[in-house]
Amino acid sequence: MSVPRYWREIKYRYRLLGCMCKECGSVFFPRRHICLKCGSRDLEEVKLSERGRVVSYTVVRNPPKEYEKYAPYIVALIELGDGARILSQVVDCEPEEVHLGMEVEATFRRVREDGPSGIIEYGYKFRPVIS
Ligand SMILES: [Zn+2]
């Protein structure tokens, strides 16, 4: 699991967009030009499912300098209800509470701040589903 990849996907995760293959219905994130399942090039942009399960995770204790104040934080690979997999930070959850199969839902949060008066980026993160 790569944390740099997580930050590169910000543009798409801001709107929680993926793409769906019009041939076989597979859903991917981030967006692709060719379907991994059937090879079709006929894909369309779709809003991803906002609920899913943790299939893999890592607790980041030594992040890049600009994210140091958020450490430790959880970055998880989440399989969404529509089958797409998304790498996301998991919030409202202690590092020792995260587990495989944990049910999570999307929540709109601040992603990072650039300097004291800088731009604040917002985007989707995931949090445990309280049942
Ligand atoms: Zn396909």
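The zinc ion sits in a tetrahedral site, with angles of 105 to 117° among its 4 donor atoms. For comparison, the ideal angle for four tetrahedral donors is 109.5 degrees. Please keep in mind that this is a predicted model. Beyond the metal site, the points below follow strand β5, which pairs with β4 and with β6.

**Zinc site**
- The protein donors are the SG atoms of Cys 21, Cys 24, Cys 35 and Cys 38, which lie 2.2 to 2.3 Å from the zinc ion.
- Along the sequence, these donor residues follow the spacing C-x2-C-x10-C-x2-C.
- Cys 21 has a relative accessible area of 1%, so it counts as buried, the cut-off being under 20%.
- Cys 24 has a relative accessible area of 36%, so it falls in the partly exposed class, between the 20% and 50% limits.

**Strand β5 and its surroundings**
- Strand β5 covers residues 73-80, and because 7 of its 8 residues are buried, the strand is largely enclosed by the rest of the structure.
- On one pairing, strand β4 (residues 51-60) runs antiparallel to β5, and 8 bridges join the two.
- Within that pairing, Val 60 has Tyr 73 of β5 as its bridge partner.
- On the other pairing, β5 is joined by 6 bridges to strand β6 (residues 85-90), again antiparallel.
- Here Leu 77 is bridged to Leu 87 in β6.

**The β5–β6 turn**
- β5 and β6 form a hairpin, with 4 residues between the two strands.
- Gly 83 lies in this turn and has a positive phi of about 95°.

Notes:
Residues are numbered from 1 along each chain as its sequence is written. This is a predicted model: local features need pLDDT of at least 70, side-chain atom pairs count only at pLDDT 80 or more; totals for chains, interfaces and linings use all residues. Side-chain values use heavy atoms; hydrogens and water are left out. Donors are N, O and S atoms within 2.8 Å of the metal (3.2 Å for Na, K and Ca); water is not among the atoms, so sites may look incomplete. Four donors count as tetrahedral if all angles lie between 85 and 135 degrees; four count as square planar and six as octahedral if opposite donors are over 155 degrees apart and all others between 65 and 115; anything else is irregular. Buried means under 20% relative accessible area, exposed over 50%, partly exposed in between (1.4 Å probe, protein chains only). Two strands pair if DSSP finds at least two bridges between them.
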